[in-house]
Structure formats: C-alpha cells, structure tokens
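Colleague: I would like to learn how to read a model of this kind feature by feature, with the general idea first and the particular case after it. Could we go through it together?

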Amino acid sequence: MLSREELVLRLFEIEAVKFGSFTLKSGIVSPVYVDLRVMISYPSLLKEVSELLWKKAEEANVQYKSLCGVPYTALPMATCISVDHDIPMLIRRKEAKDYGTKKKVEGNCEKDSVCLIIEDVVTTGSSVYETAEILEEAGVRVTDAIVLLDREQGGKANLCNKNITLHSVFTLTGVMKILVEKEKIKPNQLQEVKSFLAKNNSFKPSTIHRSLSFRERGMQKQTHPVARRLFDIMEQKQTNLCFSADVDNFAELLELADKIGQYICCIKTHVDIMEDFSAQNIKSLKELSVRHNFLIFEDRKFADIGNTVRSQYTGGIYKISDWCDITNAHSLPGPGIVSGLKSSLDDKSTRACLLIAEMSSQGNLADSKYKQSTVEMASEHGDFVIGFICTSKVSENPSHIHFTPGVKLINGVDGFGQKYLTPDEVIRRRGSDVIIVGRGITESANRIKTAKEFQEAGWMAYNRR
Ligand code: 5IU
C-alpha cells in the first residue's frame, strides 16, 4: 500500500490534479483542475484508491448493504471495492433505457436496504444527490457517500442539508498542502486556490422555502399581466406544456392547435417557416387560442439593435406584435433590444417578452456570466420581460417564468446537437416552469395522446416539486 503522501504524489504525476489556469464548463476560470478519469490507465493506483475509499467507510462505521459508484469515473472504483470485499453493487444508468423495463438502476435493489455512494470528486454535491434520488426511487436508502476528493466548494454542506453525510479521503487543500511540502507546487498556489474556493463556494445556508404555486406567483404585485394570464391558464387547465408547432402550413397548425389545445398553456410558432402565412390564418389561430384558452408565443429570437428590432416586431408582412402574446429576444445586443421592442407598444400590458438566458443546444456560448447579466437585464424591464428561455431556473424572482425547450419523454440528443431532458428533470429537478415540446409531439404516431402524456408528465413534475 502507498502512504497518503505517496498516493497524492502519484495523482499529481499522472496529472489527475493540475494547477494553472483552466476555463471550466461554467465559464469560470479555475486555478486547479481535477480529472480522475485518467486513473483507469493505472490499475494498481485504481486499486489503492478504491481500498482507501472502502477504509474510509469502515472508519466512519457506515452500515450498508450495497454500493453504487456515481457514473462514470467512480464506477470502476465501486467495482474494485465490490469485488475485493464481496459487497453487492448497484449501477445507476445515466439514461433510462428507452425500451423494455425503463430501469434506471441495475442490480438487486433490496427494499429499504442502505446503499453507499462512491464518488471521485465532489464540488457542489449535485451528482451524488442526483444518484441518491434515483436510488431512492428504486427503493433503497442513501445515508452516506464516500468521496476521494472534496473540492470544498459547498458539497458537504449541501449534501448534509439533504441528509447525506459526505466522508472524504482527501480535501483539495489537504492535497495541496502535501504537494507544497513535497515542493511540487509553490505556497502562493495554495493561497490562490484557497481564495478561489472561498469565492466559489456553492453552499447557501439553509434557505429552503416551499416554492410558491403558479397561482401564488400570478398574484404577486409585480407580476406582468401577460404572465398573470399564463399562470392563471396553467392552474385552471393544469398544464405547463407549451407546444412548439414547428410545421410549415396553417392547415396542420390549426388542426393541431384545435386538437391539443385543451392540453397546452401556450403554443409556440415560427412564423417564418410557414408557407402560407396570412392575416386570415393568424386570425384563425387567435380564435383557437381564445376557444381553448392558451397564449401564442412567437419564437422570433430577436437579436438586433433596438431600432431594427422595433421594425421587425411591428412591421414587415408578419406584424408580429399585432398577434403574439409573447415573443423572445437574445440578450446579446444589450438592454437596447428590450427598449426597442417595447417602445413600439401602445399598451404594454398585453404583450410580453422572454429573454434567452440559455439554449438547449450543445456547445452554445451562453456561459454563467451571460446568464446572470440576462437576469439583471430582465429585472430592469419588468414591464415587458416576464421570464426566460433557459435549461434550468435562473431567477429567484417568483414573477419570472422559466420556459425550457429540448424536452422529450426520454433523454437524448438529435442529429444537430439539440439536447433532450425529461419533463421531470426540467420541472422538478431543474426548477423550470414550462416545458416546450416540438418533435416529441409532432413525430408521434398519435399526436393527441402524446400531447396529453406530456401535459400529465409536466404537471406531475410540478406537483412533485
Ligand atoms: N428552441 C430550442 N432551444 C433553444 C431555443 C429554442 O429548441 O434554446 I432559444 C426551439 C427550437 C424548436 C423548439 O422550435 O424550441 C424545440 O423543438 P423540439 O422539441 O422539436 O426539439
């Protein structure tokens, strides 16, 4: 067996822990980068690390029947422990199977038995928590998690809030102290990482409130009249489904709107893909929106300077502002885009806008700073901006509505990088409000039945939240 110091030196040698300047997925620049995936190329080290994880559970006297590694990096570690100590293992699937049993957990889930979670690195604790939730859905209990490296960014406290005790073999600063002692890094690097960790700690001391219902949010003083209508419709019809009607002719669009109108709170159009746009067709859509009580959202994604978007919104052949309750805009051009759009409206109480804070497509450039600035921009224009297009809740303001595209009943990706999440993931876990569903419905052999399924799944996720 290697000593703790020797093990840290090995991890440093194989570059599982690196120091320098790294841009993380979130856009944040970090002075440290940890990637333990490389460990599978060093089997003897993997075995040593796994043994340390097991010992940690022994020291902490955790009582458990099975163990589960958080996919993927911790899977081989959990496997080593399982084989070496004859402990049954469970595997959490990253994606539920789209055929057969739709199982999310493989292995023998003995009801109410305790499963120990094994993880390589914890930052906020969200991956451990997500795994725990899925295991619990499968009937087992989770009380503890063992992690090789705690990055000390709030994970332990966040998990403790969720009644999971996190035990770590190493902390990031502990690893760094060893590396300073062994003169592998300089003391100022340790200081730099310490101040980075202090600034990037995700733990928010327990402010978990019951989330307000759509009805309550509609009644907030600052809620815009269009948002109020939408919240009302959602509660009345028990639906948070926005149908993305990406078809190219009005005959089909109007038929769909009529048939599934009862299941939706909103219809989303792309007026510039219609072959037969006419004022009469729009009038018919408007009539259906009144008959079935849903709003019309033109997904125009304005992106120009204020003066131009003003004309694009009101003019041309489409005259969007005449008929759509809601439209959307990129925040990229700055607040002028919002001022431009709203300046054309005589009555701001009947038209509203969503700002695009995040996109559902892979590789999109909206990082956390962009998202934050978008939320600030929305807050300054509450008389017109009612919420966001986003992939998870971005604003704590209860008057803001979150719309999330990229929703299907099964996770996945399309041929152009559109990422799909399930209604439960989007609404319950990620805290969004409205699911936007296009091909999930239009490509179904029975569109009406499928629309109803999405309505039920979205509403159930809202209720469970
Ligand atoms: N849409 C996205 N992602 C985004 C934005 C808009 O998918 O980030 I902003 C639109 C594109 C399409 C609909 O009209 O939402 C999703 O359609 P599908 O459910 O067919 O992927």
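**Reading contacts, pockets and rings**

Modeller: Let us start with one residue: leaving aside neighbours within four places in sequence, Gln455 is in contact with Gln238, Thr239, Asn240, Leu241 and Tyr263, where contact means heavy atoms within 4.5 Å. This is a predicted model, in which local features need pLDDT of at least 70 and side-chain atom pairs count only at pLDDT 80 or more, whereas totals for chains, interfaces and linings use all residues. Residues are numbered from 1 along each chain as its sequence is written, and side-chain values use heavy atoms, with hydrogens and water left out.

Colleague: Where does Gln455 sit, and is Gln455 buried or exposed?

Modeller: Helices (H or I, at least four residues) and strands (E, at least two) are DSSP runs numbered from the N terminus, and Gln455 is found in helix α18. Buried means under 20% relative accessible area, exposed over 50% and partly exposed in between, with a 1.4 Å probe and protein chains only; Gln455 counts as buried because its relative accessibility is 12%. Its side chain reaches the backbone oxygen of Gln238 at 2.8 Å, which is read as a polar contact, that is, a pair of N or O atoms within 3.5 Å, of which, within protein, one must be able to donate a hydrogen and the other to accept it, while residues adjacent in sequence count only if both atoms are side-chain atoms.

Colleague: How should I read the binding-site annotation, and which residues does UniProt place there?

Modeller: UniProt positions are given in the numbering used here, feature names are shortened, and annotations may be inferred rather than shown by experiment. The unreviewed UniProt entry places "binding site" at Asp246, Lys268, Ser360, Gln418, Gly438 and Arg439. From this set, Asp246, Lys268, Ser360, Gln418, Gly438 and Arg439 belong to the lining of the second largest pocket. On a 1 Å grid over the protein atoms alone, a pocket is an open set of points with protein on both sides within 12 Å along at least five of seven lines, unlike a cavity, where a 1.4 Å probe fits but cannot get out; lining residues have an atom within 4 Å of a point.

Colleague: What surrounds Asp246 and Arg439?

Modeller: Asp246 lies in the loop between β9 (241–244) and α10 (250–260), and counts as partly exposed because its relative accessible area is 38%. Not counting residues up to four places away in sequence, Asp246 touches Lys268, His270 and Ile273, and its side chain makes a polar contact of 2.9 Å with the side chain of Ser244. Arg439 is in helix α17 (residues 439–442), and with the same exclusion of residues up to four places away it touches Lys408, Asp414, Gln418, Tyr420 and Ser444. The side chains of Arg439 and Tyr420 are joined by a polar contact of 2.9 Å, and the charged end of Lys408 sits over the ring of Tyr420, 4.5 Å from its centre; the rule asks for NZ of Lys or CZ of Arg within 6 Å of the ring centre and within 35 degrees of the ring normal.

Colleague: Which residues carry the "active site" feature?

Modeller: According to the unreviewed UniProt entry, they are Asp299, Lys301 and Asp304, and of these the lining of the second largest pocket includes Asp299 and Lys301. Lys301 is in strand β11 (residues 295–302), and a polar contact of 2.8 Å joins its side chain to that of Asp299. Asp304 is found in the loop between β11 and α12 (306–314), and is partly exposed because its relative accessibility is 33%.

Colleague: How many aromatic pairs are there, and how is a pair described?

Modeller: A pair of aromatic rings is described by the distance of the centres and the angle of the planes. Rings of Phe, Tyr and Trp (its six-membered ring) pair if their centres lie within 6.5 Å, with planes under 30 degrees apart counted as stacked, over 60 as edge-to-face and the rest as tilted; the count comes to ten aromatic pairs. Phe22 and Tyr33 form a tilted pair, 5.5 Å centre to centre with 35° between the planes, and this pair links strand β1 (residues 17–23), which holds Phe22, with strand β2 (residues 29–34), which holds Tyr33. Phe214 and Trp459 form a tilted pair at 6.0 Å and 50°, with Phe214 in helix α8 (residues 214–218) and Trp459 in helix α18 (residues 447–464), 245 residues apart.
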